[in-house]
Amino acid sequence: MQKNRTINVENSINSGQVFLWKRNGDYWYGINGQDILRVDKNGIINSFQNSKVDFFRKNDNLDDIIKSVSKDKTVRRALKQYSGLRILRQDPFQCLISFIVSSNSNIQKIKMSLEKLSKKFGVKAKYENEEFFLFPKAEKLAKASINEIKSCGVGYRAKFINEAAKMILFKKIDFEFLKNCNYHETKENIRTIPGVGNKVADCVMLFSLEKLEAFPLDRWMIRVLEKYYSNKFQIDTTTITEKQYDVLHEKIVKHFGPYAGYSQQFLFKMERENYQKKWL
DNA sequence: CCATGGCCTGTGGT
DNA sequence: AACCACAGGCCAT
């Protein structure tokens, strides 16, 4: 008996996972690496490159996952309220650059920067009579100058972007290999990329490297933990140190289980909606 | 190991 | 109008 199978496309796209998406009539259009995806309201995908990427992770067993993470009242409320919200399986390079850009920023600005990067360094493509810019390839960003990258409004993150691209180009980082590594190995590896701390690493792992136990702890999730989970996870300081992050993550996985990342996405969505924060 | 401050830049508030 | 606080962190000290 399968339940919970409907996908809420709107909520999934508007949940802080992706930035290069726009609605046009009945469809959402988005850039995923070197591909353009067109999604209808049921989550049916048409792909520019005819790729068969399972972007909404339809093959995940949502019944099992929801059962697994339904550990307390708060998360059950979020699961119910935003049912149909999915973790999106993204292109790893785009995801990496997106979350390097995201640090100390906000959604509108992140989107603007990524659009500028794509327009300046990405390939122009025509899909359904409309122009798009694919996400820049690593090689292009690796060979760009810092100032060229800065012209996209990314500020001090420009050199991080350039370094990250070089590490991909020179295969210091191999995403396909990392998909088959465990959480800790993967995290250790991608944290060698400049601009990638605990939070960014968890986002990249959850959204593009198949690590569903990754549980990104940003200021919103810290707020959630303080508000609803103060008895379970104690947070005593305002700035969370590296050690505390690790300890906290361990407790969180002990509580929510191996699909903790799914619970994070629902709780994050809920809290931002409570504050009526804007999305794309 | 922990604490602090600085950082590009666009936006919204005073 | 000019200025300031702030934003889905990270890094060097």
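Q: Before anything else, how much accessible surface does chain A have, and what share belongs to carbon and sulfur atoms?
A: This is a predicted model, and the accessible surface of its chain A comes to about 13,700 Å². Carbon and sulfur atoms hold 48% of that surface.

Q: How many helices and strands should I look for in chain A?
A: You'll find 14 helices and 6 strands there. Chain A is as compact as a globular protein of its length, because its radius of gyration of 18 Å is close to the 19 Å that the globule rule gives for 280 residues. Along the principal axes, the C-alpha atoms fill a box of roughly 50 × 40 × 35 Å.

Q: What percentage of chain A counts as buried?
A: Buried here means under 20% relative accessible area. By that cut-off, 52% of the 280 residues of chain A qualify.

Q: Where does valine 204 sit, and is it buried or exposed?
A: Valine 204 lies in helix H11, which covers residues 198-208. Its relative accessibility is 1%, so valine 204 counts as buried.

Q: Which residues does valine 204 touch, leaving out those up to four places away in sequence?
A: They're Cys95, Leu96, Ile190 and Leu209. Also have a look at aspartate 91: its C-alpha is 9.6 Å from that of valine 204, though the two are 113 residues apart in sequence.

Q: What does UniProt place at residues 101-258?
A: An unreviewed UniProt entry gives "domain: HhH-GPD" for that stretch. In the model, residues 101-258 are 58% helix and 5% strand, with the end C-alpha atoms 28 Å apart.

Technical notes: Residues numbered from 1 in each chain as written. Chains lettered and ligands numbered in written order. Predicted model: local features only at pLDDT ≥ 70, side-chain atom pairs only at ≥ 80, totals over all residues. Heavy atoms only, no water. Helix = DSSP H or I, 4+ residues; strand = E, 2+ residues; numbered from the N terminus. Rg over C-alpha atoms; globule rule 2.2 N^0.38 Å. Buried < 20%, exposed > 50% of the residue type's maximum accessible area, 1.4 Å probe, protein only. Areas by Shrake-Rupley, 256 points an atom, 1.4 Å probe, with all protein chains shown as cover. UniProt positions renumbered as here; feature names shortened; annotations may be inferred. Contact = heavy atoms within 4.5 Å.
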